[in-house]
Amino acid sequence: MIGEEVPSDQYYWAPLAQHERGSLASLDSLRKGGPPPPNWRQPELPEVIAMLGFRLDAVKSNAAAYLQHLCYRNDKVKTDVRKLKGIPVLVGLLDHPKKEVHLGACGALKNISFGRDQDNKIAIKNCDGVPALVRLLRKARDMDLTEVITGTLWNLSSHDSIKMEIVDHALHALTDEVIIPHSGWEREPSEDCKPRHVEWESVLTNTAGCLRNVSSERSEARRKLRECDGLVDALIFIVQAEIGQKDSDSKLVENCVCLLRNLSYQVHREIPQAERYQEAPPSVANSTGPHAASCFGAKKGKDEWFSRGKKPTEDPTNDTVDFPKRTSPARGYELLFQPEVVRIYISLLKESKNPAILEASAGAIQNLCAGRWTYGRYIRSALRQEKALSAIADLLTNEHERVVKAASGALRNLAVDARNKELIGKHAIPNLVKNLPGGQQSSSQNFSEDTVVSILNTINEVIAENLEAAKKLRETQGIEKLVLINKSGNRSEKEVRAAALVLQTIWGYKELRKPLEKEGWKKSDFQVSLNNASRSQSSHSYDDSTLPLIDRSQRSDKKPDREEIQMSSMGSNTKSLDNNYSTLNERGDHNRTLDRPGDLGEMEPLKGAPLMQDEGQESLEEELDVLFLDDEGEPMSCPAMQKI
C-alpha cells in the first residue's frame, strides 16, 4: 500500500528487476527493504509493458502488478500506458490460465479505468475488454478475483458509450454469477433461503454499482435489466435483509436502491403490455372542488392526519384503494410496483441517514406515482395508508438540497390524489414556503434554480382546487415570497414563470381576493411581466408578455402543466458534493483496496455524476418522473509482488 502521494509526473519507485541479458535477479532483498544490488535501476514504463509479453509467467504477473501499482491515483501513468499500447496486452492476459497473471492484469485495468480520462475506458472497450472480463468472471470462483472484475466493470460503466456493451455482454453473467448466488435469494423459496451476502458485500456493491450506472443509459437498457430473470427479486431480497439487520445506510443498499429507482423510471410506459394499466384522466364531474379540504373536523396528530381523515362523500375516487389480489406471487419487474417494494422505500425514508438513499427512495416514489396508471393510483393511496406522507414531508427540512428536491417532486406526484392533496396542503405547505428564497422565514440553504422551480411547481399542484391549502400559503408568508421572486429582478426566468403560475392560481380564488386586498395586495401583484415571452409548454406557447389571470370558478379543460424530467447522459467526470444529485463519494483513504465514497449518490471527492435533466420539457398529462445518476468505483492499491 502506498503511504503518501507523489507528484503526478513521477513514477513510484518499486522493486521490479530489470531484464538484462536474458536473466532476472531476485526481488527478495528489495521486497525486504534491503539495498538494491549493483546494476539495478528503476525500469522504464515501456520496459514494464514489454515484460507483460515475457515467456515466464512470474514476469508477466509481476509486470502486471507493477503497472497496477504505478497507475494507482496517477493519471499521467494511465495515459502513458494507453499511448504505449499496454491496454490490449493487459486485456489479452485476462484469458491467461494462471490466476496470478489474470488477477494482476485485471487489477491494472481496474486502476487504468478509474478516473477522469475517458479515453482509457474507450481503449479497454475497443479491444474487447468487456467480453474478456465477462469470460473471466464466469470462470472465477474466489472472492478477491471477482471483486476486482466487478470493480473494473463498475468503473467502465460510468462511460455512456460502454453502458450498452455491458448490458449486452455482462448483464446475465453479473446476475447469474454474482447477484443471485451471493444474495441468498432463491428462485424456489425454502426454509434455508436466508441472507448470505455479508461476506460478499464488496462484490455485490461493485455489481450493483455497475448495473446502477448502465440503467441510466436508455429505455432499452432498463427493459433488459427489468426482464433479466431474478435480478429485481434478488435486489429487493438484499435490501430487505439489510433493513432487517438495521444496516440501512450501507453503500450496498445505496446502489441497490438507486438501481431500483432507475428501473422505476417510466415503468408505467416501458413494461410489457403497459397499456393494460393505463387510465383516463378523471373527468371534471369527478374532480373535487376548491372547498374539498373543509370537510375535516377536529385537530389530530400529524401522522394521523397523514393517514386518516374523513373522506369527501362527493368524490368516490377518494376511497381507500387496496392492491389487487394475486393468484401467484409477483416476480421480476412486477415487484417494482408491488406493496413490498413500497414498504421498503417507506422504511428507508424513516430509518436511513444516507442522503443518497433518501433521495433515491423519494425519487422511486416519485417515479411510481408518475403517470395515469392503475398502480400509480394504488401506490398514492398506499403511501397515505402507511403514514408515509409525513415522512416525505419531513425531508423538506433535510440539510441536503438534492433530498429536498426529491421530496418536493414526490409530494407533487402524490398530490394528484385528492386526499393526499388535502393532507399535504395542511402539513407540507409551511416547509415548502420556507424553502423559497426571500422573506424573514427562509431556509438557511441557498437552493439552486431547479430546486426552487420544483418547489414552486409542487406548491401550485397542491393549492390547485384546494382553497384551504391556498389559505395556508397566504398565512405562511407565501404571497410575500412569490411577489418578491417576481419583482426582485435577481431570479431566473424559470423561477419567475413558476412563481407566476402560483400567483395566478391564488388570485383565481374569489374568496381570497378581498382578504388579499385588505392586506394591501393589488391585482397587478399577481400579474407577471416576462422579458422573453416564448414558453415551451408541451404543444402550447404563450405570446403575451403577461400571464393571464384565470378565475378559479371557470374550470379549464386542460390539466395543469407538469414538466417531465427526461433521462440524459451522465458523465463520470462531473461531480461534487455540491452537485445536488451526485451519487457517490470518493474518499482519500489509502488503506483500502476499494475506496468507497461515504456520502443519489453521494460525495467526498465525488466520483458520481450529477443528475442531468432536459430543461423546458413539459407535458400536460405527465407528473414528474426522475432518473438516477452514475457512480464509479475506486482504484485499488498494488498487492505484494511474487518472488521470482
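In this predicted model, serine 488 sits in the loop that links helix H26 (478-487) to helix H27 (493-507). Its relative accessibility comes out at 33%, so serine 488 counts as partly exposed, the cut-offs being under 20% for buried and over 50% for exposed. Glycine 438 is 50 residues away along the chain, yet the C-alpha atoms of serine 488 and glycine 438 are separated by just 9.5 Å.

Moving back along the chain, helix H13 (residues 231-244) makes a good centrepiece. Its 14 residues reach 20 Å from the first C-alpha to the last, close to the 20 Å expected at 1.5 Å a residue. H13 is largely enclosed by the rest of the structure, because 12 of its 14 residues are buried. The buried set runs from Leu231, Val232, Asp233, Ala234 and Leu235 through Ile236, Phe237, Ile238 and Val239 to Ala241, Glu242 and Ile243. And what does the covering of these residues include? H10, helix H11 (201-214), helix H12 (219-226), helix H14 (251-264) and helix H17 (339-351) are all part of it.

Just past H13 comes lysine 246, with a positive phi near 60°. This lysine lies in the loop between H13 and H14 and is exposed, its relative accessible area being 70%. Most residues other than glycine have a negative phi, so a positive value is worth a look. Lysine 85 is another case: its phi is positive at about 65°, although this residue is not a glycine. Lysine 85 also belongs to a loop, the one between helix H4 (75-83) and helix H5 (86-93), and with a relative accessible area of 59% lysine 85 is exposed.

On the annotation side, an unreviewed UniProt entry places the feature "repeat: ARM" at residues 85-122, 128-171 and 387-424. Residues 85-122 are 71% helix and 0% strand, with end C-alpha atoms 13 Å apart. For residues 387-424, the span is likewise 71% helix and 0% strand, and the end C-alpha atoms lie 12 Å apart.

Finally, there is the packing of helix H7 (residues 118-126) against helix H10 (residues 160-183). Their axes come within 10 Å and cross at roughly 35°, and H7 passes H10 in a left-handed crossing. On the H7 side, Lys121, Ile122 and Lys125 meet Ser161, Ile162 and Glu165 of H10. Sorted by class, this contact has 2 nonpolar, 1 polar and 3 charged residues. H10 also turns up among the elements that cover the buried residues of H13.

Notes:
Residues are numbered from 1 along each chain as its sequence is written. This is a predicted model: local features need pLDDT of at least 70, side-chain atom pairs count only at pLDDT 80 or more; totals for chains, interfaces and linings use all residues. Side-chain values use heavy atoms; hydrogens and water are left out. Axes are lines fitted to C-alpha atoms, for helices over the stretch in contact, and angles run from 0 to 180 degrees between N-to-C directions. Helices (H or I, at least four residues) and strands (E, at least two) are DSSP runs, numbered from the N terminus. A crossing is left-handed if the near helix is turned anticlockwise from the far one by less than a right angle, and right-handed if clockwise. Contact means heavy atoms within 4.5 Å. Ala, Val, Leu, Ile, Met, Phe, Trp, Tyr, Cys and Pro count as nonpolar, Asp, Glu, Lys and Arg as charged, and the others, Gly among them, as polar. The expected span of a helix is 1.5 Å times one less than its number of residues. Buried means under 20% relative accessible area, exposed over 50%, partly exposed in between (1.4 Å probe, protein chains only). UniProt positions are given in the numbering used here, feature names are shortened, and annotations may be inferred rather than shown by experiment.
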